[in-house]
Structure formats: C-alpha cells, structure tokens
Amino acid sequence: MTTTSHPETTLTLDDDLPVVRITREFDAPPAQVFRAHVDPDLVVRWMGPRDLEMHIETWECRTGGAYRFLHAREGEEHWFHGSFHDVRPDEVIIQTFTYEGMPDSVSLERLELEDIGGGRTRLVTTSMADSFEARDAMVSSGMEHGVREGYERLDEVLAG
C-alpha cells in the first residue's frame with residue numbers, strides 16, 4: 001500500500017485492488033459539504049486545480065442523474081462524464097467517472113461524509129478503477145495535485 005499525504009489530504013493506493021482512497025476533513029458540517037458537491041454553481045467554484053477553468057454541461061447530482069463537464073486551460077480541454085448511482089443527502093454519493101480521453105475506462109466512486117463533531121466533516125472517497133493501469137494513469141496524471149488544490153478551494157467556498 002502506498003500513501004502520500006498533504007497536511008490535510010491523504011491519498012492511499014491499495015496494493016491488492018486498483019483502488020485510490022482519499023481522506024480529508026473540512027471545517028463545515030456534512031450538510032454544507034454535501035451541498036457543495038450537488039449544487040453546480042458551487043461545484044464549478046472548487047472542483048479541480050486553480051489553473052483549470054471548469055464548465056459544466058450537465059450536473060444532475062441525484063440518484064439516477066448524470067454529469068458531464070470540461071476542465072480547460074490555454075487551448076487544452078479535458079472532458080469527463082458519469083452517472084450518479086445513489087445520492088443520499090449529507091451521507092453518500094456513489095457515481096461512475098470516465099475521462100473521455102480514455103473512453104474505455106470507467107471507475108466507480110463512493111464518497112462518504114462523516115460528522116466528526118464541532119461542525120466538522122470527514123470526507124472519504126474510494127475510487128475503484130477497472131485496472132491497475134487505469135488507476136496508475138489517473139494518479140500519475142496529476143490527480144493528487146488536483147485533489148489537494150480542489151479541496152483547498154472547497155475550504156474557501158465553505159468559509160464563504
């Protein structure tokens with residue numbers, strides 16, 4: 001198992017399964033963190049690193065919903081899409097995730113929110129890729145940097 005961490009974000013790679021687990025705590029209650037994940041006007045303000053601009057084509061974060069969005073910078077475009085399998089307010093979001101640059105690869109993601117008291121939330125995201133090659137390509141593409149900066153931006157949205 002490989003683990004890297006930032007003072008607040010931990011990213012763990014499983015040795016036996018093509019899984020990436022991300023753990024992060026936020027100074028906001030689960031309802032506020034959940035809302036920042038389902039409201040497209042909030043999602044566009046924090047998802048991804050600072051040097052990418054996000055454009056949402058579709059964002060229906062509900063059980064049975066779907067999404068498609070673009071991350072862009074200086075003529076570079078990266079499209080992503082997926083479906084929301086199960087969305088339970090303030091608790092769980094289960095979804096698929098596909099980078100359209102690798103259309104034959106899909107991962108299954110489970111985001112869990114835990115109330116840890118004091119108006120704080122622990123977020124745990126578990127992503128299972130369809131192969132070790134797909135997982136490792138996702139991680140080596142700069143995933144940790146994007147996740148860390150995205151969560152720093154989410155801190156800013158939650159503060160305000």
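So, which is I116: buried, exposed or partly exposed? Keep that one in mind while I say that what we're looking at is a predicted model. Okay, the answer: I116 has a relative accessible area of 29%, so it counts as partly exposed, because that label covers the range between under 20% for buried and over 50% for exposed.

Let's stay with I116 for a moment. This residue sits in strand β8. If you set aside its neighbours within four places in sequence, I116 is in contact with E25, T121 and R122. Now look across to P29: that residue is 87 residues away from I116 along the chain, yet the two C-alpha atoms are separated by 8.6 Å. And two of the contacts of I116, E25 and R122, turn up again in a network of salt bridges, together with D27, E114 and R120.

Okay, stepping back to the whole thing. An unreviewed UniProt entry annotates residues 27-158 as "domain: Activator of Hsp90 ATPase homologue 1/2-like C-terminal". Over that stretch the chain is 33% helix and 42% strand. The C-alpha atoms at its two ends are 8 Å apart.

Next, the inside. The largest nonpolar core has 34 residues, and the ones touching the most other members are W46, W59, I93 and Y151. Helix α3, residues 132-159, gives the largest share of this core, with seven residues. Take W46 as an example: leaving out its neighbours within four places in sequence, W46 is in contact with A36, H37, G150, Y151, R153, L154 and V157.

Now for the charges. How many salt bridges does the model have? The count comes to 16. One of them joins E156 and R50, with the closest N and O atoms 2.7 Å apart. That pair links distant parts of the chain, since E156 is in helix α3 while R50 is in the loop between α2 and β4, 106 residues apart. E156 is partly exposed at 46% relative accessibility, and R50 is partly exposed too, at 43%.

Another pair is R73 and D51, where the closest N and O atoms are 2.5 Å apart. Here strand β5 holds R73, and D51 is in the loop between α2 and β4, 22 residues apart. R73 comes out at 28% relative accessibility, so it's partly exposed, and D51 is partly exposed at 44%.

Then there's R135 with D136, at 3.0 Å from N to O. Is R135 buried or exposed? With a relative accessible area of 6%, R135 is buried, whereas D136, at 36%, is partly exposed.

A couple of backbone oddities before I move on. E74 isn't a glycine, but it has a positive phi of about 40°. You'll find E74 in the loop between β5 and β6, and at 84% relative accessibility it counts as exposed. D90 isn't a glycine either, and its phi is positive as well, about 65°. D90 is in the loop between β6 and β7, and it's partly exposed at 32%.

Last stop, two more spots. S105 lies in the loop between β7 and β8, and because its relative accessibility is 16%, it counts as buried. Beyond residues up to four places away in sequence, S105 touches F97, T98, D130 and A134. On the surface, L17, L108 and M128 make a nonpolar patch of about 260 Å². M128 is in strand β9 and is partly exposed, at 36%.

Terms used
Residues numbered from 1 in each chain as written. Predicted model: local features only at pLDDT ≥ 70, side-chain atom pairs only at ≥ 80, totals over all residues. Heavy atoms only, no water. UniProt positions renumbered as here; feature names shortened; annotations may be inferred. Helix = DSSP H or I, 4+ residues; strand = E, 2+ residues; numbered from the N terminus. Buried < 20%, exposed > 50% of the residue type's maximum accessible area, 1.4 Å probe, protein only. Contact = heavy atoms within 4.5 Å. Patch = residues over 30% accessible without salt bridge, like charges linked within 9 Å, V, L, I, M, F, W, Y side chains within 5 Å. Areas by Shrake-Rupley, 256 points an atom, 1.4 Å probe, with all protein chains shown as cover. Salt bridge = Lys/Arg side-chain N within 4 Å of Asp/Glu carboxyl O. Core = buried A, V, L, I, M, F, W, Y, C linked by side-chain atoms within 4.5 Å.
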